[in-house]
Amino acid sequence: AVVSTQSTGETVGGIGDLYSFLGHDESVLSKDCRILFKLCMAVIEGYADPSLLTKKITDLNLARWTSAGSRLLRLYMSDHPLAKSPKLKTLVDFIIQVYGPMHVQIKHEWKLANGPSLLFQLQTRLRLFILEHPTLPKKCVKLLWDTFQNNNYFHHPHLLLTAKVDIPSFHDG
């Protein structure tokens, strides 16, 4: 049996693209990351296996935003009155378009040399998210950019060089 959910209408560029990236093998992800990935896919597709909606999510921990993201996606798919909230819809869009794909990709491509490339992808996802949500309050946009800029250690020249050295085609001449 499947449970019908609200679909976000998300298409290209979100977490759905990562399914082929992972080689259709979700086992490479941790349990929490796999649950987040499956919940994102359920929201995108508009239905979920009921067992997914009852899986235990780890305790809420501010250092592990994955469980908070999973809980928000479950709330969005529920019959709870808050599930229809425009603010929750915006949070779900952020999880599916920015946080979910980046979390999965970072967990899969964890090498230091991948940092600059992942940083660029995060910046691109943030820009698209902000452009697609023109009604976002300016303080939210500022918070997103400030957080991004305070945490972008991979823009330093020595780390960019590390990324370049690790690229196979660079060694081939």
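Reader: On the other side of H7, what makes Lys138, Lys139, Lys142, Leu143 and Asn150 count as exposed?

Author: This is a predicted model, and the word rests on a computed cut-off: exposed means over 50% relative accessible area. Lys138, Lys139, Lys142, Leu143 and Asn150 are exposed, so each of these residues is over that cut-off. Their counterparts in H7 are Val141, Leu144 and Phe148, which are buried.

Reader: How do you know that the buried residues are on the same side of H7?

Author: From the arc around the axis: Val141, Leu144 and Phe148 cover only 60 degrees, which puts them on the same side of H7. A general rule of helix geometry helps here: with 3.6 residues a turn, residues three or four places apart point the same way. As for partners, the buried residues of H7 pack against helix H5 (86–108) and helix H6 (115–132).

Reader: How do you know that the span of helix H7 (residues 138–150) agrees with 1.5 Å a residue?

Author: Set one value against the other. The 13 residues of H7 should span 18 Å, and the end C-alpha atoms are 18 Å apart, so the two agree. Helix H2 (residues 31–45) can be checked likewise: its 15 residues reach 21 Å from the first C-alpha to the last, close to the 21 Å expected.

Reader: Why is H6 called roughly antiparallel to H7?

Author: The axes of H6 and H7 cross at roughly 175 degrees and come within 11 Å. Angles over 145 degrees count as roughly antiparallel, so the label fits this pair. On the H6 side, the residues that meet H7 include Leu119, Leu122, Leu126 and Ile130; on the H7 side they are Val141, Leu144, Trp145 and Phe148. Val141, Leu144 and Phe148 are thus buried residues of H7 that also meet H6.

Reader: What makes H2 largely enclosed by the rest of the structure?

Author: The count of buried residues does: 11 of the 15 residues of H2 are buried, so the helix is largely enclosed. Among them are Cys33, Leu36, Phe37 and Val43. After H2 comes Gly46, with a positive phi near 90 degrees.

Reader: Why is His103 called buried?

Author: Buried means under 20% relative accessible area, and His103 has 15%, so it qualifies. His103 sits in helix H5. Leaving aside neighbours within four places in sequence, His103 is in contact with Cys33, Leu36 and Thr66. Cys33 and Leu36 are buried residues of H2.

Reader: What makes Lys107 partly exposed?

Author: Lys107 also lies in helix H5. Its relative accessible area is 47%, which falls between the 20% and 50% cut-offs, so the name is partly exposed. Its C-alpha is 7.0 Å from that of Leu29, although their positions lie 78 residues apart along the chain.

Reader: Why is Met77 called buried?

Author: Met77 has a relative accessible area of 6%, under the 20% cut-off, so it is buried. Met77 belongs to helix H4 (residues 65–77). The C-alpha atoms of Met77 and Gly46 are separated by 8.8 Å.

Reader: How many helices and strands does the protein chain have, and what percentage of its residues count as buried?

Author: The chain has 9 helices and 2 strands, in the order β-α-α-β-α-α-α-α-α-α-α. Of its 173 residues, 38% count as buried.

Note on methods. Residues numbered from 1 in each chain as written. Predicted model: local features only at pLDDT ≥ 70, side-chain atom pairs only at ≥ 80, totals over all residues. Heavy atoms only, no water. Helix = DSSP H or I, 4+ residues; strand = E, 2+ residues; numbered from the N terminus. Expected span 1.5 Å × (residues − 1). Buried < 20%, exposed > 50% of the residue type's maximum accessible area, 1.4 Å probe, protein only. Arc of directions from axis to C-beta. Contact = heavy atoms within 4.5 Å. Axes fitted to C-alpha atoms, helices over the stretch in contact; angles between N-to-C directions. Parallel < 35°, antiparallel > 145°, perpendicular 65-115°, else oblique.
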